[in-house]
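Work through the exercises below with the sequence and the model at hand. Each one sets a task and then gives a solution step by step.

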Amino acid sequence: MTTTRIFFMLLSMLFINWSSAQISEYELSLKVIDQRTDSPLENAQIFISLCKCGGVTDNNGFFSIKLLENTYTINVSYIGFREYSEQTVLDSDIMIEVVLSEKEEQLSEVVVRAKKVNENIESPQMGVLRLDAEEIKKLPAALGELDVLRGMTLLAGVNNAGDISNGLSVRGGSLDQNLLLYDYAPVFNPTHLFGLFSVFTPDMLSSVDLYRANIPSRYGGRVASVLDVKVKNPYTDKFKLSGGIGLVSSRLLIETPIIKDKLMLIAGARVGFTDFLLPIFSERLKNTKAKFGDTTLKLLYLPTERDQLSFTSFYSKDFYQLDLITRIENVNAENNQYDFGILNGTLNWTHSFNDKSHLRTVLVGSNYNPKILFTEFESDNEIEYGSRINYLSFISEFSKEISGDIDYYAGVQATQYRIHPGSLDPGTSNILPVSLATETSYELSGFANANWRPIDNLSFSAGLRYNHFAFVGPYELTKYDENDGTVIGTEIFEKGDSVKSYDGIEPRLGVLLKVGENTSFKASYARINQYLQNVYNSTTPLPTSRWKTADPNISPQIGNTYGLGFYQNINDNIIEIGIEGYYRDTKNVLTYKPGADFFLEEFLEQDVVQGQGQAYGAELSFKKPNGKINGWFNYTWSKSRLRSVNENLGDRINNNQWFASDFDRPHVINGTVNLEHNRYSTLSFNFTAQSGRPYTVANGFVTIEEIAVPVFLERNNGRLPVYHRLDLSWNIHFSKSKENKRWINDWTFTIYNLYGRNNPFNIYYSQRGNNVRDNTNFGSSPLGTYQLSVLNSPLFSLTYNFKFQ
């Protein structure tokens with residue numbers, strides 16, 4: 001045998017041995033246990049993707065199988081427990097301990113709707129962003145707080161006005177173009193602490209749905225989106241206590257049965273005192289004070305097997321003192337103290353005629369009461385400004401599933417708005433008291449929606465909503481000259497008299513076409529009328545901003561939204577891909593005239609203009625919901641523009657040319673990664689980057705008494721620097737390794753703005769001086785720029801969380 005042949009034989013043997021090693025078989029073993037009792041779970045369902053194999057656990061909670069070396073996704077499910085899903089690399093014999101936690105809060109639902117794994121592919125509803133409480137908990141947020149609004153800003157097409165902002169901008173819309181509901185009750189100021197946190201009590205959340213395309217017809221009143229936040233149902237047969245203690249806020253949650261299997265209670269509260277922290281983050285905040293709190297209570301009563309009664313109460317309170325806000329004209333105050341109050345209540349009765357027919361009746365009340373206190377210089381006197389919104393609504397909705405391919409719902413809604421625009425109590429000051437007249441209006445609506453799948457690959461969701469809006473007396477209507485706008489008279493309306501009414505028909509349509517098992521196209525259209533609007537001339541609404549319903553001088557906004565999307569799930573639904581394009585045209589958009597001041601303004605209509613709005617863009621998103629490494633990435637390209645249509649030269653904005661709205665962000669990138677190394681530790685990163693917010697650059701200056709005064713002729717003709725930020729959250733579950741499962745605790749460490757990015761909130765102009773940046777100016781102009789950055793350093797937080805059951 002020649003040397004060459006021997007060499008090739010040895011080489012072949014090595015290759016065969018190497019190949020055999022690459023396709024080795026290993027044993028995968030699972031032990032499934034109950035988190036609360038630490039006992040094994042028999043007959044737990046095991047499904048392993050790729051091999052499409054599995055089985056059930058034995059009486060000791062064990063399951064084992066031999067598989068070829070590869071990467072597998074293991075899914076474990078058990079009735080009444082949260083499903084477990086994790087991706088595992090099988091390159092040796094391994095043993096995995098699976099700990100399942102109870103899923104009790106979902107058992108109280110009379111109506112149960114299962115969510116399909118590929119619902120994003122098969123539902124004709126377009127533009128829906130959905131997070132459950134577990135997903136929200138993974139999001140890094142300011143100072144360690146679980147936060148709905150900040151979590152939503154990590155998703156495609158959702159932004160705010162900066163680090164401190166009182167709401168959301170969805171697809172280029174203004175903050176008041178979003179309907180925020182907390183168990184059916186509207187929330188008019190959804191934030192604490194200057195906009196850093198949302199007011200929703202964190203531990204009480206069950207789910208959050210954001211609709212922004214063909215909004216279901218059961219919702220109305222906002223042209224851009226609906227954020228529907230649901231509170232947990234307190235289905236429990238034992239007392240439970242949980243909460244957290246942190247640097248910024250502390251929380252407490254109680255769940256307990258009152259009458260076994262009949263009446264149950266859940267109550268959560270949160271309080272925050274941050275006065276000592278604020279000077280650490282910024283020298284400009286040394287005189288700032290801030291306190292906040294919120295509480296949510298829900299009672300659930302099950303009188304029969306087919307009836308469910310619930311009552312939800314929500315209260316929120318904020319108090320903070322600022323020296324940063326410009327003082328109000330004619331009020332000589334040392335500082336401004338802001339006092340917000342929200343009190344909501346929801347009574348909900350659901351009756352099931354059978355498993356496919358249900359009637360839901362809801363009564364909602366909401367009271368929003370913002371106040372400002374001005375402490376006069378060298379005096380104990382306080383001047384108080386206050387306003388109020390009272391909201392009442394009745395909803396009744398019947399739903400029925402005719403077959404697996406057809407279902408529908410229909411209902412009615414009646415709403416009353418009572419707006420107290422503002423009053424000024426001067427106390428002992430010589431300033432005259434002011435009290436603006438109360439405005440009352442009613443909105444009556446009927447709505448219906450049907451989902452129909454005529455063939456397997458084609459589905460429709462069609463809805464229609466009709467609104468009748470009436471603005472009623474008592475009211476004193478001011479009449480103006482059409483040529484110069486001067487007041488020419490008034491008309492008096494008695495209580496209940498019709499002052500002005502509007503009617504609106506709102507069609508909604510969604511179409512789905514499946515072109516494969518995991519691929520679909522969607523198209524949508526929605527028309528919505530908005531009768532309630534918020535008017536302000538700052539970056540974000542303040543307590544002095546005015547809420548205004550439609551009246552004879554201010555018409556309702558009318559929005560038409562079109563959408564087209566492509567969706568695909570790949571690698572056995574491990575990764576979800578979506579591409580959505582949208583275009584929204586809005587009429588009667590409300591904005592302020594140059595130089596407008598809304599504080600206690602009796603003739604508000606003279607300080608605003610109504611024009612046109614456009615918002616369009618495209619959103620690309622990737623989502624990996626399960627596995628040890630999970631998260632999502634999205635990129636949005638968009639434009640948001642406004643235009644006035646006034647003939648009067650003094651009322652025009654940018655000479656009636658299109659200009660960027662305050663929420664125009666051409667480029668936005670968001671990414672979230674969760675590293676769930678094991679059940680004891682979770683590490684999360686969030687990165688966001690976006691085009692800077694538009695702001696107004698001075699076109700020149702004039703000199704008045706040797707002082708350079710900037711002159712502004714155009715609006716939003718400049719743009720702030722690019723905004724970007726990285727956040728970190730680390731959750732450590734020490735208690736899960738202990739034998740005592742009744743007491744569970746963990747720690748959450750959070751860093752907001754990890755690398756200390758100095759993101760500007762705004763840029764102001766002033767004469768050059770020692771405290772003014774001179775690197776941005778107008779050549780030889782005596783003006784320089786001053787940049788305001790609210791959060792320009794990392795914010796650290798440590799929170800201890802506990803649960804007793």
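## Exercise 1: A buried pair

Determine whether Arg725 is buried or exposed, and find the partner with which its side chain forms a salt bridge.

Solution. Arg725 has a relative accessibility of 4% and counts as buried, where buried means under 20% relative accessible area, exposed over 50%, and partly exposed in between (1.4 Å probe, protein chains only). The model is predicted, with local features needing pLDDT of at least 70 and side-chain atom pairs counting only at pLDDT 80 or more, while totals for chains, interfaces and linings use all residues. Residues are numbered from 1 along each chain as its sequence is written, and side-chain values use heavy atoms, with hydrogens and water left out. The partner of Arg725 is Asp727, the closest N and O atoms being 2.9 Å apart; a salt bridge here is a side-chain nitrogen of Lys or Arg within 4 Å of a carboxyl oxygen of Asp or Glu. Asp727 is buried as well, at a relative accessible area of 0%. Elsewhere, salt bridges with shared partners join Arg171, Arg212, Glu580 and Glu619 into one network.

## Exercise 2: Salt bridges across the sequence

How many salt bridges does the structure hold, and which parts of the chain does the pair Asp203 and Arg251 tie together?

Solution. The structure holds 18 salt bridges. In one of them, the side chains of Asp203 and Arg251 meet with an N to O distance of 3.0 Å. Asp203 belongs to the loop between strand 14 (197-198) and strand 15 (205-211), whereas Arg251 lies in strand 18 (residues 249-259), so the pair ties together parts that are 48 residues apart in sequence. Strands, like helices, are DSSP runs numbered from the N terminus (helices H or I, at least four residues; strands E, at least two). Both Asp203 and Arg251 are buried.

A further salt bridge brings together the side chains of Arg218 and Glu397, at 2.6 Å from N to O. This pair links distant parts of the chain, with Arg218 in the loop between strand 15 and strand 16 (225-231) and Glu397 in strand 25 (residues 382-403), 179 residues apart. Arg218 is partly exposed at 29% relative accessibility, whereas Glu397, at 12% relative accessible area, is buried.

## Exercise 3: Backbone features

Locate the cis peptide bond that joins Gly473 and Pro474, and the loops that hold Tyr184 and Asn656.

Solution. The cis bond between Gly473 and Pro474 has an omega of about 10°, and Pro474 is found in the loop between strand 29 (458-472) and strand 30 (475-480). Tyr184, although not a glycine, has a positive phi of about 80°; its place is in the loop between strand 11 (178-182) and strand 12 (185-186). Asn656, also not a glycine, has a positive phi of about 65°. Asn656 sits in the loop between strand 39 (629-643) and strand 40 (659-660) and counts as buried at 19% relative accessibility.

## Exercise 4: An open sheet

In what order do the 4 strands of the open antiparallel sheet run, and which of them stand at the edges?

Solution. The order is 3-2-5-6, with antiparallel pairing, two strands being paired if DSSP finds at least two bridges between them. Strand 3 (53-56) and strand 6 (84-90) each have a single partner strand, so one side of each is left without a neighbour in the sheet. Strand 5 (residues 70-77) pairs with strand 6 in the antiparallel sense over 7 bridges, and the bridge partner of Val76 in strand 6 is Tyr84.

## Exercise 5: Cores and confidence

Identify the residues with the most contacts inside the largest nonpolar core, and state the average pLDDT of the protein.

Solution. The largest nonpolar core has 65 residues, and Met152, Tyr182, Phe200, Leu227 and Val229 have the most contacts inside it; such a core is a set of buried Ala, Val, Leu, Ile, Met, Phe, Trp, Tyr and Cys residues joined through side-chain atoms within 4.5 Å. Strand 25 gives the most to this core, with 5 residues. A second, separate core of 21 residues includes Phe63, Tyr84, Leu90 and Ile96.

The protein averages a pLDDT (the predictor's confidence in each residue, from 0 to 100) of 82, and 84% of the residues score at least 70. Over residues 13-22 the pLDDT is below 50, and beyond near neighbours in sequence this stretch has 2 contacts in the model, a contact being heavy atoms within 4.5 Å. Where pLDDT is low, the predicted coordinates should not be read in detail.
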